Each structure stands twice: as structure tokens, then as C-alpha cells.
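Welcome! Let us take a walk together along the place where two chains meet.

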2 protein chains.
Amino acid sequence: MGEKVIQVGLLGMGTVGSGVVKLLAANAQDIARKVGAPVRIKKVLVRDPEKPRPGLLPDQLVYDVTAVIDDADIDIIVEVMGGEQPAKDYILQALNRRKHVVTANKDVVAKYGRELFAAAEANHVDFLFEASVGGGIPIIRPLKQCLAANKISEVMGIVNGTTNYMLTQMTQHGLDFATALRQAQAAGYAEADPTADVGGWDAARKIAILASIAFGTRVTVDDVYVEGITTIGAEDIEYACELGYVLKLLAVAKETDKGIDVRVHPAFIPHHHPLAAVQDVFNAIYVRGDAVGETMFYGRGAGQMPTASAVVADVIDVARDIRHHVSSRILCTCYEQKPLCPIEQTASPYYIRLLVEDKPGVLAAIAGAFGAQQVSLHSVIQKRKVDNWAEVVLITYRVSHASLRLAINTIEGMSIVSKVQNVIRVETGEID
Amino acid sequence: MGEKVIQVGLLGMGTVGSGVVKLLAANAQDIARKVGAPVRIKKVLVRDPEKPRPGLLPDQLVYDVTAVIDDADIDIIVEVMGGEQPAKDYILQALNRRKHVVTANKDVVAKYGRELFAAAEANHVDFLFEASVGGGIPIIRPLKQCLAANKISEVMGIVNGTTNYMLTQMTQHGLDFATALRQAQAAGYAEADPTADVGGWDAARKIAILASIAFGTRVTVDDVYVEGITTIGAEDIEYACELGYVLKLLAVAKETDKGIDVRVHPAFIPHHHPLAAVQDVFNAIYVRGDAVGETMFYGRGAGQMPTASAVVADVIDVARDIRHHVSSRILCTCYEQKPLCPIEQTASPYYIRLLVEDKPGVLAAIAGAFGAQQVSLHSVIQKRKVDNWAEVVLITYRVSHASLRLAINTIEGMSIVSKVQNVIRVETGEID
């Protein structure tokens, strides 16, 4: 074993950074055997170098980023600061100084992927980001390598643990959204400002990254249609269950003949779909390829050690490249720019919950209004009264988003309709 | 793009071989972009070179293996003949002629892994075998790369599609073993001689391979304790369901303080365990690591195109190595030889189904006999009569295999006991 030590410079010593330090120490011997050389942290960029850090010596701590990036002994920069800036600038500087870079930063990868890949390629270094999606779940490398022989048609994931925890609690205990959110905050799963999670924006960044890799075209967060779970009521979840579905916040990317369809929204999925069994803070990513068929990757999508697991796996991969004098073996795989499918042209069955007048002929009138917009109804349930109104739940056949919106507008204008309470897509799991 | 074509020699043109030819043709353009060069099949070893093969020209077909292995233009040998010999000899010859080798052959990898890895290392070539376990499911590369930062404590899989199909049918439709087998044969999922599948031997080869990689120690098929599903009755499955479990044929490998515990047997798993939802011919491998926690990899464990997906992924990986002038980047990871845990020392709760005399005091006598062997009973169900006997079902607390066997021997000798009908392990999913 040639004993050239592989040296790591760590940017950030928060939750994930501390996990990386812990993991590299705990499994140091195994990692050295896999790499063929020891892997050590040389310097760590911290905000406060005076604060003692377990597992690190004071002289390893620096507060000036150039002391890390310009250190000629450092081979790999690991960025675990999070946020767009200054993380993106630091990564770019590191690549331009011919350092390999490993990052867990979905914001930076989703927004600046193109620029950073180009810099990595120009400088003949690796740029890896397994931890940016799905926490500890292997998904980037499986898409880039293990499923590389496939034409991927669909990636569908539960990629936000906070909302999956909330929806699981709502499903199991009949909670409403506000109670589930308070519970998630109390459990430490949701932040004080939960917008990024419950609004779907965290999931949108992740599906942008996954779609880019799966379809070989650059998809950014701005390309993603996003609906959050804030309008989901306990009633919607009850109806889902009764109709044989589970309600999940899905991140969906499909390659269709109308372009790349990429979106985040709550959806009914059939209870027998592999994603339906994914509960609590667990994440899973379901991938369909032309050769492999259906696959799914399941695990913890966040947390200190799962995320550190993915970061250190990337470090090991880079270290193996360094030992074998190779780099940029697998870089950007966005070979062409494919058009996006406008959300209006996407199609699926829909669930619609309405409050209508409780009198004869109302259901026929509603069905007629949907029919006039070419929306056929698969099933209609009328179950309970809310004040003096009747609650009606409809499941449509597959219909375009545009037609559905027109139909909903018509329905909303009808005097017999008090309110359209919710409209939720049904993902059938069938090939479109 | 440097246009040096990567040339493949294919050994075998059965189901998987034809799938590899199809897939390399169907996605040729994407694969060329990923590799940076076209990947083409130059020669194919077949039994009958006169038989026309779709997608191949007559002069690509040869019946002499040396015409493939000795061809200086061929970079990668893909072995998809199956069976131990002559496949193993051909692989070894190819490695010794400095050809990279990709194989789908679990028999060869499970039995001759050590020798073949050594030959690959000595000749500075790649030796990849993703398709040997789990068909299209990425699991070898995830274990060797994506989870490389972890100390793996447990790998537990449903790795045989035939038996999982049979057990699913038995569970859903109350079939007995013989009917389920006939149905699997009619559906083309089971062979005329189903021994390797229903006897657990196919799963044993796969878990030997997985255990070797997960724990960094060579485990061969002879090290695996094996029980098949031939004794499973419809009653056992009914009781599993009633008690909140699902019955699966599990391939289990754990690193314990008594050594490597590796076995294949039917098991009750809790209905909420991620593996419990894996139905029909689908496979899944559940992996627990110290950092990542629980992960699971799900998909089609067999079939022409899923297997071809894994084979061609390996070909792409080797081709990328060739393009980057690197090889043997990741070879054997069995760094030490760890002791095995004898099956007698393994421990778990057990399910036991007995026929006993239907009279007062019998249950107390049985509980006493178990207690005398230090086996505590968690629950006892007495539900129905079989002829003049009472059927009793027991779930024990965690107990060693040795103590359990002693207790069963005692029970079998009791005059009030007609028959011990079945004894099945319970895998709780808890960390041991």
C-alpha cells in the first residue's frame, strides 16, 4: 500500500460536517484499505476557530477559506456549508485550483450545476454530489452508472422527509395539517420556517437534479412546477385511503413525447405501489428504465450520519481516482437540451373534492359540466354533509391539466357549487 | 470524442446474451456519449454458428472460444453462458489474456471469486459482476462504492424471484406449496427441476457474494446454512398473517460478535418491514450500515432485459475505464478472513406449529418443557382441530438455534405431542 495520505479540506462544521469528521475517524482503517491509502482531514473552515471541536486539533481549524483551498497538500475539498453563497463561489474557486470537490449542497448543484461541471472538466478534477439528493440513499451513482444502459422514462420520488413524516402522521392518526406541522417541529423534523419543505421547494431542487441526470438534459429548479402540501386536509387523506390510495408529496420527472415533464405536488398513489409503503422520514426514489423496468432506492433522506455516509462515499471514490491517477471519469451527462413539457399539457386522473347543494339532480349537473370539457368521471362518492352542503368526491379519467382547469373554472361558477375544496393528481403507476 | 471503438466479445447467446445484444443496439447512441466512444460487439461465441441471430452478422458468430478470447481487438469479454464450467475456465483465460471481464454468473463468482479477482489484479484488468445478484437491481456497486463509508452490519434479501412469486401466490390465494409450484412453472418462473430455487441454493450463492462484499471477507456457498420452502404449508402463511407477519424466503448475512452469520431460510418478517411489501417476482436487498442506517434496493431480480441492464452497465463502466486508461480501480474487497458464526449459535425468535392432544394441561406441559430448555414463550395460539388433535402455534422469545433444537427434540418425545409440523425463524428487523 503506497502510503501517500489523501488530504481533505472541509468547508463547514455544522451537523453534516461533524458527521463527516466522525465517520472518517470511526471507519478510518476500512476506508484506508478500500482506497489503498489513509484519508485524513487536514483543515476545516469554521466560523469560530476558538470553539473546541471533538476529533479535531485547534491548528486544523481556520476561518479563512483560502487557507483551505490554497493548501497545496489538500487533494479534495468537501463543501458541507449549505446555502447558495458563499458555497458556490468556494466550490468554483476550489475547482479552478484543481481540487476535486465533493458537495452535499442541492441548492448549488440544482442552480449552478452546468457552470461547476464545466469548471471540473476544464480542470480535470472530480465533482461529486451524491448527498445532495436522498441523503444516505445511493441514487446519483446508480443513475449515472448502474442504470447507465437504460433509457430512463420516469423518476418519481418521496424526497422530502419532513413532509413525508407529516403525511404519515396525518394518515395514521387523522391529524390536520397544522397539528402535523407542530408535531414535526416538536420532533425536530421541521424548521421554524417550514416553507421550503411544505411548499415543495426542497423537493423541487432535488427532482431538478435527478431529472437532469436521468434524461441527460439540464433541468433547473425554475423548470419545476411546484405545489406544496399546505392545502391538504385530513378529509383528503381519508378519502385517499377509502379509494385504495395513499397521499404522498411526490417529485415526478418523466420524459414524454411533449418534452420533459417535471413537477412536485401532492398525489394519490395506489396503495400497492412500492412508494406507498415509504413512511415517516424515510425517502425513496422509484426509477423506470427501458431495460431494468421498475426499481426503487429506499433509505434515510436526511440526518447527520446518513448524509455523511453519502459524502464520505464520494470522498472514497475521489480518493480511488487519485490513487489510480484518473479524474473526470464521469462528469456532466447533460448531452443535449431537451424541451420541457408545459404543465398544461401533462395529463393524469384527478381527485376533486367539492361542496355542493344537497338536492336531486346536482350530481348529474356536475357530471354534465365536466363532460362538456371532455372530462370523464371514473367514480363519484357522496358521503357526508358539511353544514347544509353535501361533500362530493370525484375521480376523473386521465385528462390534461388544461382541460381539468377549464372544467374546474366552470364548476366554480355554478350556483349549485359552494366550493371546490381540493384538486389532487392521481399517479396511477401505469406507463403513460 | 476520440473515436476508438470499444470492442466486446460475448460468450453465450441465450436469453441474457440476446438481451445484451438488443440493449447495446437500442441505446447505442446514449451509451457512446456516456463512454466517449462507441461500444460494439465484435464476436459472439455460440453453440451453433449456422443459426441466424437477429442483430448479428454471420461472421460475428464463432464456435471456438479462442477466436473470441485471443482476438487482439477485443477489449471486454462478457460471459453470459451460465453454469460453472466451462464458464469459469473461459473467464480465467480471458483475464490472463488481459481482457476485462463482465459476468452475470453467480455460480462462478460465488465459488471461484478469490481466484478470478487475483487473476484480474495480476493482469491489471477489471472484473465486474453486477448482474450476478439481484438481476437488474444495482447492489454490487452500491455496496462497493455508495455505501463504502459504512461498516455494514446486516444484509437481508429476497433474492429469488421464483420462490417469492410462489409465496406471494400462497399468501394472496391460500394455495399450498405444490399448487404454487405448478403455477410458477406454468408462468415460466420455475424450471422443470425447481430444486435450486425452492431448495434455497440459488439464494445461497447470491448471499455468499453479498456477504463477501459487505463484510470484506470471503464467504462461499458452502459457508451458507440453507433451508428451502418445500415444507411451508398454507397454514403457516395464514398464521403469519394473523400474527402480523409476512412469510418470505430470506437470504440473511450479519456480522455478529460470534462471527459472520450467513443463511437462507423461510422467515416471518413484521408486516411493516420494507421487505414485507416485496411481491411476486420482484427482489429487494435490505442493507444496514452504521452511518446510513437502513436502506433497500428494489427491482426485478431476473429476466432478460433487467439482467442485460446490469451487464451493460458493467460494460459501460469498463469502457469508461478503458477511455481513461485506468483499470482494477475497484477489485476484491475481501481484506481479511473473518470466522463464521456456527448456525447453532445464531439466535432469533421462532414460530413453532404443533399437533398435540386436545385435553386440559397440555399447553402447560409444553410450556414447561420449553422452559426447561430456557426457551420462553412470547405467545401461544390454539385455534383449530386437525383430526382429533389440537393445532397449537407458539412464538418464542429470542433463543439460540441450539437451545431451540434441544427443546424441539424434547417436545417431539412427549406422548401428548403428535407432531412438530413446522419451525420457522422470526426476523424481527431489530438490531441484534
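A good place to begin is with charge: chain B and chain A have 6 salt bridges between them. Please keep in mind that this is a predicted model. To find one of these salt bridges, look for B:R33 and A:E336, whose side chains come together at 3.1 Å, N to O. Polar contacts can be counted too, and 24 residue pairs make one across the interface of chain B and chain A, with both residues at pLDDT 80 or more.

Now follow the side of chain B that touches chain A. Helices α2 (28-35), α6 (140-146) and α12 (304-323) of chain B each give at least two residues to this side, and so does strand β12 (293-300) of chain B. The element that gives the most is α12(B), with 9 residues. Sorted by class, this side of chain B holds 23 nonpolar, 11 polar and 13 charged residues.

Let us step back to the whole interface. Here 47 residues of chain B are in contact with 47 residues of chain A. Together the two chains bury about 4,400 Å² between them, and carbon and sulfur atoms account for 55% of that area. Of the area that chain B buries against chain A, 15% comes from B:Y298, B:R329 and B:Y335, more than from any other three residues.

Finally, turn to the strands that link up across the two chains. Strand β12 of chain A, residues 293-300, runs antiparallel to β12(B), and 3 bridges join the two strands. Within this pairing you can spot A:F297, which stands opposite B:F297 in β12(B).

Methods. Residues numbered from 1 in each chain as written. Chains lettered and ligands numbered in written order. Predicted model: local features only at pLDDT ≥ 70, side-chain atom pairs only at ≥ 80, totals over all residues. Heavy atoms only, no water. Contact = heavy atoms within 4.5 Å. Buried area = accessible area lost by both parts, 1.4 Å probe. Salt bridge = Lys/Arg side-chain N within 4 Å of Asp/Glu carboxyl O. Polar contact = N/O pair within 3.5 Å; in protein donor to acceptor, adjacent residues only side chain to side chain. Helix = DSSP H or I, 4+ residues; strand = E, 2+ residues; numbered from the N terminus. Nonpolar A, V, L, I, M, F, W, Y, C, P; charged D, E, K, R; others polar. Pairing = 2+ DSSP bridges.
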